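This report covers a metal site, a helix and a loop residue, and then the division of the chain. The sequence and structure are shown first.

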Amino acid sequence: MYQENEFTKWYLKTIQDAELMDYTPVRGCITFRPDGYEIWEHIQAAMDQRFKETGHRNAYFPMLIPESFFQKEKEHIEGFAPELPWVTEAAGEPLEERLALRPTSETMIGHLYAKWVNSYRDLPLLLNQWANVFRWEKKTLPFIRTSEFLWQEGHTAHENEEEARHETMQMLAIYKEVVENILAIPVYGGTKTESERFAGAVDTFSIEAMMRDGKAVQAGTSHYLGTKFAEAFDIKYLNRNNEHTHVHTTSWGTSTRLIGSVIMVHGDDKGLVLPPKIAPTQVVLIPVGPFKKHPEIVAKLEQLQKDLKAKGIRVRLDDTDQTAGFKFNKWEQKGAALRIELGPRDYENQQAIVKARDEDDKQTVNLEQLVTVVEEELAHMQQRLLTKARQFRDANAHVTIDSLAQLQQHIEASKAAGTIPGWVLAGWCGSADCEKKVKEETKFTTRNIPFQPPVQKSTCICCEQEAQHTVWFARAY
Ligand SMILES: [Zn+2]
């Protein structure tokens with residue numbers, strides 16, 4: 001499943017079998033089915049709680065943005081223009097000005113912030129929006145890259161650079177914490193190179209995650225926008241010295257591509273493996289054997305379901321008339337974290353069988369201790385998935401490749417061995433030409449300049465001159 005084509009095939013089958021999404025007649029626009037949407041709701045809840053704890057509030061801005069707004073920030077329009085869908089008529093009449101379906105909301109929010117910010121007393125302004133956005137992609141992959149997707153975009157305005165930069169880093173740290181502790185995905189935080197920067201940003205920071213095929217996913221970004229958008233939209237305020245001056249703004253976002261990342265990091269040949277904290281089904285209760293002849297079994301499972309629900313655990317009872325084997329398979333595909341089996345003999349012995357989705361072994365647990373064991377097992381599984389993902393990433397993050405020839409050799413050798421090339425930590429002189437050459441020859445792009453690289457590099461992987469930065473290079477989604 002590590003081979004590129006095989007992995008994509010596996011991924012597409014997995015998300016369909018798990019009933020997370022479905023395709024629609026609109027190319028690149030998917031439907032989130034309830035289990036897919038619920039994973040998003042759990043991610044959303046974790047993020048939203050942290051945004052609010054750090055003083056942010058939610059607001060909602062329109063989906064349609066006048067074309068003239070995009071013209072105000074030159075780099076921004078250059079970056080987004082190729083992917084914008086447009087509304088050109090309404091109620092049978094052509095519109096005077098065409099309207100874009102938002103790819104992101106800096107322009108609309110800039111327009112409004114100019115009205116709302118007048119004095120230093122109005123700052124900082126800390127807003128977040130949960131919304132859908134559009135980027136008309138040529139090549140799409142459900143959850144990872146779609147023409148319409150769900151996300152959150154935070155937009156803040158500050159008195160000065162120091163505060164705005166502090167905000168930018170604070171939000172990146174929140175992303176890292178949620179992705180590691182809730183999604184069980186280890187990430188490297190770092191700075192994007194100029195070519196990978198957000199269109200219109202002064203600095204872009206990202207967290208980068210490794211999928212099981214060795215490719216990288218940018219799991220979240222946070223941008224320091226300087227005064228670029230403030231100048232474009234005339235967001236000025238009266239400062240403490242009674243002078244009119246521009247605010248410093250930030251924006252930061254994570255999207256439903258996190259769902260795709262979770263699947264690509266934790267999934268296995270049987271289907272979905274989900275960290276318990278975001279699994280729509282944390283526990284599935286399955287009666288086994290001739291349970292129809294023993295009504296006490298389903299009655300016991302119903303009682304157990306109540307007890308687990310009372311503890312805040314998401315639990316489902318599958319007492320349909322399909323075979324136990326069929327149900328085991330189905331709930332494995334759907335990524336139920338724990339399975340509890342109860343048959344006539346187990347009931348006689350007042351015990352049940354507990355199996356975690358990510359382990360082969362089952363354990364026998366006394367019915368009286370079951371609720372406690374379930375709580376412990378969910379916590380253990382959450383931790384195991386993070387540890388396993390970290391070991392996998394570290395084993396596939398190479399730090400001893402220091403020239404383009406070595407990188408090419410490494411890629412060829414991986415191909416021959418049927419393994420993944422993974423990531424490569426290498427030096428970079430800072431020239432866009434070197435970055436481009438590496439990309440053209442290997443399809444490896446710069447992911448980020450990690451804040452804490454495992455080792456520091458001294459020479460550029462491409463020109464072999466002195467390195468200015470130590471950078472993660474990888475193929476990316
Ligand atoms: Zn170079």
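Along the sequence, the donor residues of the zinc ion follow the spacing C-x4-C-x25-C-x2-C. The model is a predicted one, in which local features need pLDDT of at least 70, side-chain atom pairs count only at pLDDT 80 or more, and totals for chains, interfaces and linings use all residues. Residues are numbered from 1 along each chain as its sequence is written, and side-chain values use heavy atoms, with hydrogens and water left out.

Coordination of the zinc ion is through the SG atoms of Cys429, Cys434, Cys460 and Cys463, at 2.3 to 2.4 Å. Donors are N, O and S atoms within 2.8 Å of the metal (3.2 Å for Na, K and Ca); water is not among the atoms, so sites may look incomplete. The arrangement is tetrahedral because the 4 donor atoms subtend angles of 104 to 114 degrees around the zinc ion. Four donors count as tetrahedral if all angles lie between 85 and 135 degrees. For four tetrahedral donors the ideal angle at a metal is 109.5 degrees.

The table lists relative accessibility for three residues; buried means under 20% relative accessible area, exposed over 50%, partly exposed in between (1.4 Å probe, protein chains only).

| Residue | Relative accessibility and class |
|---|---|
| Cys429 | 18%, buried |
| Cys434 | 8%, buried |
| Phe444 | 0%, buried |

Phe444 sits in the loop between α14 (432-442) and β22 (445-446). Helices (H or I, at least four residues) and strands (E, at least two) are DSSP runs, numbered from the N terminus. Leaving out residues up to four places away in sequence, Phe444 touches residues including Leu407, Ile411, Pro421, Val438 and Phe473. Contact means heavy atoms within 4.5 Å. Phe444 and Asn239 are 205 residues apart in sequence and 46 Å apart in space, C-alpha to C-alpha.

In helix α10 (residues 324-333), the buried residues are Lys327, Phe328, Trp331 and Glu332. Seen down the axis of α10, these fall within an arc of 130 degrees, so they line one face of the helix; the arc is that of the directions from the helix axis to the C-beta atoms. Their cover includes β15 (283-287), β16 (315-317), β17 (338-342) and β18 (351-356). Gly335, just after α10, has a positive phi of about 75 degrees.

An automatic or database domain assignment divides the chain into domain 1 (4-266), domain 2 (281-380) and domain 3 (397-474). The centres of domain 2 and domain 3, taken over C-alpha atoms, are separated by 48 Å.

Note on methods
Tetrahedral: all angles 85-135°; square planar, octahedral: opposite > 155°, others 65-115°.
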